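Colleague: I should like to learn how to read cysteine pairs and surface patches in a model. May we begin with the cysteines?

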Amino acid sequence: MKKIFFILTLCSVSLPIAAQKVLSLDSCRALALHNNKQINVSKLKQEMALNIRKAARTKYLPKVDAAGGYQYFSESISLLSKDQQSALNNLGTNLATAAGGSLTGMITGLVRQGIITPAVAQQINGMVNQVGAPMAATGNEIGQSITKALETNTHHIWGGAVMVRQPIYMGGAITAINTIATINEQLAANDADTKTQATLYSIDQAYWLVVSLKQKQVLANSYLNLVKKLDSDVKKMIRQGITTRAAGLKVDVKVNEAEMQVTQVEDGLALAKMLLCQLCGLPMEQDIVLADEDRKQLNVNLQELSTDVADKSSANNNRPELRTLQNMVDISQQVTRLVRAAYLPHVMLTGGYLISNPNLFNGFERKFAGTWNVGVIVHVPVWNWFDGAYKIRASKVATSMARMELSDAQEKINLQVTQSRFKVKEAHKHLMMARKNIKSAEENLRCANIGFKEGVMETTDVMAAQTAWQQAQSQQIDAEVEVKLAQVNLQKALGVLVY
């Protein structure tokens, strides 16, 4: 085991930094799905929608709030007015004065009636004055004690409360919010599917473009070798005086054209590989080799048209774009319910515990104390000048618009599916004809070469045969890639392009 590990380590160290990376179509798809930033954003949106849905579920549950605080007031709460406080503080004096005035009037009346003498009246007044002073003082003390007992001492107030709120009926708003949250989660998943299919489609397009250009590069080099061989033969014939200089110049032009084609194909291949690397999340200068680029013929089964991947009706369920539009219709319907719920009665159960210092329930005692409370809150909208009716109508119109957009998209997708099926059939026919043309072009080139060697054909005939052979080979490459891309188009149109 250590020996194997040492060999693997040595091999990994000895590899150059820019080592070739062999990629198949599946590996390109996997790299693109893993490194595509838009798909990663869609996954984060799914996570966000999941948490929003979980948050919406909590609206069915009771909410508990706690609050507390301290407040200082420059004045205390007074249960008595200032006049009442003054009257109580002088309660004894006021009573003694009132009683003394009444007794003095009565004694004066008795003197006038001759019942008692002035001397006796004077003695009685003296006795009253002696008794009234202590009574006034006692009364004042009693009044002052009452005033002091009614002082609240509410300069410093501490308070706290715990409240519980349980929705009982909110007009269907909570149900609508939860349904919208669930649909939003589906919407995020459909968005991820849309971006996934778009990424796979782009990868397939870039992959087969590279394969096509690689095969055309091989074809261009083969054609260049053919033209160079013909150029070498013509130059030998010119030296021997068998043909003219004009024929050689014509071949030279073909050689230059073939070299230019090689250059163009090489440049296009380099750019196509850079695009594929960018889509796969690899460095654009990475030297990659595709698993299908060296095949002489792609694996295409002409007996299978690949139109039975899914029927047209199932595309309505498979296409993420249609599912997204259906989600928009469902959300619009729930928004209508949400708007209607705002104008229906709301019922909520409340309860809690309130604590304060001073104690409001025991004569403002400077101690913490509290009380429990339970209640029901009912909110009933009475009149809003048809505001709710107008908003509900507007929301229903939005739902109708969403349904129309969904129907329009379904019609267009059905047309796209039909077109894609026709493209698959056409691509297979093109490939069948291209393969037949290959046999004819090869036979034509063979006969032209033999005729040129025997001297019965001109160089122009050979060049025409070589050009026809190159075109036939190029058409076969294009037809094979066209079949692959047509199948991908059909899968995307049916919504079954998955990894």
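Modeller: A disulfide is a pair of cysteine sulfur atoms within 2.5 Å. The model shown is predicted, so local features need pLDDT of at least 70 and side-chain atom pairs count only at pLDDT 80 or more, while totals for chains, interfaces and linings use all residues. Residues are numbered from 1 along each chain as its sequence is written, and side-chain values use heavy atoms, with hydrogens and water left out.

Colleague: How many disulfides does a search of the whole structure find?

Modeller: The search finds zero disulfides. Cys277 is in none, as the nearest cysteine sulfur, that of Cys280, lies 6.8 Å away.

Colleague: Why does Cys280 not form a bond with the closest cysteine sulfur?

Modeller: That sulfur belongs to Cys28 and is 4.1 Å from the sulfur of Cys280, which is too far for a bond.

Colleague: Is Cys280 buried or exposed?

Modeller: Buried means under 20% relative accessible area, exposed over 50%, and partly exposed in between (1.4 Å probe, protein chains only). Cys280 counts as buried because its relative accessibility is 1%. Cys277, at 0%, also counts as buried.

Colleague: Which residues make the nonpolar surface patch?

Modeller: A nonpolar patch joins nonpolar side chains (Val, Leu, Ile, Met, Phe, Trp, Tyr) within 5 Å, from residues with over 30% relative accessible area and no salt bridge (a side-chain nitrogen of Lys or Arg within 4 Å of a carboxyl oxygen of Asp or Glu). Here Ile168, Tyr169, Leu349, Val374, Val376, Val378 and Val380 make a patch of about 680 Å².

Colleague: Which element gives the most to the nonpolar patch?

Modeller: Strands (E, at least two residues) are DSSP runs, numbered from the N terminus. Strand S6 gives the most, with three residues. Val376 lies in strand S6 and counts as exposed because its relative accessibility is 55%.

Terms used:
Patches are made of residues with over 30% relative accessible area and no salt bridge: like charges are joined within 9 Å, nonpolar side chains (Val, Leu, Ile, Met, Phe, Trp, Tyr) within 5 Å. Accessible areas come from the Shrake-Rupley method with a 1.4 Å probe; for residues, only the protein chains shown count as cover. Helices (H or I, at least four residues) and strands (E, at least two) are DSSP runs, numbered from the N terminus.
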